[in-house]
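Here's a quick tour of this protein, going from its domains to one helix and then to its pockets. Keep the 3D view open as you read.

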Amino acid sequence: MDRVTVPMIQQKKEKGEKISVLTAYDFPFAKLVDEAGIDMILVGDSLGTVIQGKESTLPVTMDQMIYHTRMVTRAAKQALVVGDMPFMSYQTGMDATIENAGRFLKEAGAAAVKLEGGAGVVDRIAALTRYDIPVMAHIGLTPQSIHRMGGYKIQGRSPSQAKQLVADAKALESAGAFSLVLEGIPISVAQEITATVKIPTIGIGAGPDCDGQVLVLHDLLGLMTRFQPKFVRRYADLSTIASEAFRHFKSDVESGKFPSQEEGYQ
Ligand code: KIV
């Protein structure tokens with residue numbers, strides 16, 4: 001299979017083909033995701049919660065994102081890799097935005113970046129697009145806005161909020177975003193946005209009408225046991241499998257069953 005490119009992602013919408021996206025943060029999982037034929041791998045700043053065990057994504061740094069994105073691009077032979085711009089890597093100014101976004105392509109081998117926000121980040125997206133850095137936009141429940149939202153709450157429920165989201169989506173498309181993540185918004189709002197813009201929408205907790213779907217890898221694999229949002233479908237229960245393996249190993253070590261003669265050198 002050929003490497004997935006930005007134009008290929010855009011053509012998928014035109015052809016009515018759904019787009020699959022998963023997050024990954026390291027070499028072994030990125031390799032499995034890539035080999036499964038997933039279209040895009042997002043190195044999400046969700047690594048703050050699922051890898052680092054923090055309460056939010058806010059503490060994640062640019063250097064950490066570059067470190068993880070490198071591992072993922074080393075493994076991904078087909079999927080388009082998108083690096084997620086962490087909190088305060090694009091909010092502080094245009095020069096910082098361009099420099100930090102450029103690092104994902106130059107130092108980490110990503111093909112695109114993602115950043116959160118609506119009308120407020122249109123100038124950032126226009127500049128990055130002008131310098132040939134493809135941008136995936138992200139609106140709705142934007143985790144970096146946790147304090148403004150007062151928690152991880154569904155957005156766009158009131159008619160005025162819904163109208164604002166549609167307006168944001170149009171502005172982000174005009175600024176040059178090549179795709180748009182819709183997170184935590186009502187199905188009807190996601191449907192309207194998807195029908196309004198020409199760029200593909202990638203939903204997470206936004207219903208079935210989006211042009212594609214993204215899930216956090218650790219949610220899908222059942223590795224995040226502390227909280228499971230309603231929109232997560234758990235395709236495997238790796239927590240149970242891993243913990244059974246660890247207990248089995250402990251008991252084999254304690255009983256002398258591991259290692260056997262065959263597992264040693266003569
Ligand atoms: O950081 C992340 O993993 C994300 C996805 C949930 C879209 O932003």
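The domain assignment splits the protein into domain 1 (6–235) and domain 2 (238–266). Bear in mind that this is a predicted model. Taken over C-alpha atoms, the centres of domain 1 and domain 2 are 39 Å apart.

Now for helix α8, which runs over residues 159–175. Its 17 residues reach 24 Å from first C-alpha to last, close to the 24 Å expected at 1.5 Å a residue. Which residues of α8 are buried? They are A162, L165, V166, D168, A169, L172 and A175. An α-helix has 3.6 residues a turn, so residues three or four places apart point the same way. The cover over the buried residues of α8 includes α6 (122–130), β5 (135–140), β6 (179–183) and α9 (187–196). Just after α8, G176 has a positive phi of about 115 degrees.

On to the pockets. The largest pocket holds about 720 Å³ of space. It has 30 lining residues, and the closest to its centre are T49, Y152, E183, D219 and P229. At least two lining residues each come from α3 (47–50), β4 (112–116) and β6.

The second largest pocket holds about 590 Å³. Of its 24 lining residues, G205, A206, G207, F231 and V232 sit closest to the centre. β1 (19–23), β7 (201–204) and β8 (212–215) each give two or more residues to this lining, and β8 gives the most, with 3 residues.

Here are the linings by class:

| Pocket | Nonpolar | Polar | Charged |
|---|---|---|---|
| Largest pocket | 14 residues | 7 residues | 9 residues |
| Second largest pocket | 17 residues | 4 residues | 3 residues |

Terms used:
Residues numbered from 1 in each chain as written. Predicted model: local features only at pLDDT ≥ 70, side-chain atom pairs only at ≥ 80, totals over all residues. Heavy atoms only, no water. Helix = DSSP H or I, 4+ residues; strand = E, 2+ residues; numbered from the N terminus. Expected span 1.5 Å × (residues − 1). Buried < 20%, exposed > 50% of the residue type's maximum accessible area, 1.4 Å probe, protein only. Contact = heavy atoms within 4.5 Å. Domains from an automatic or database assignment. 1 Å grid on protein atoms, 1.4 Å probe; cavity = no way out; pocket = protein on both sides within 12 Å on 5 of 7 lines; lining within 4 Å. Points joined across faces, edges and corners; volume = space filled by probe spheres on them. Nonpolar A, V, L, I, M, F, W, Y, C, P; charged D, E, K, R; others polar.
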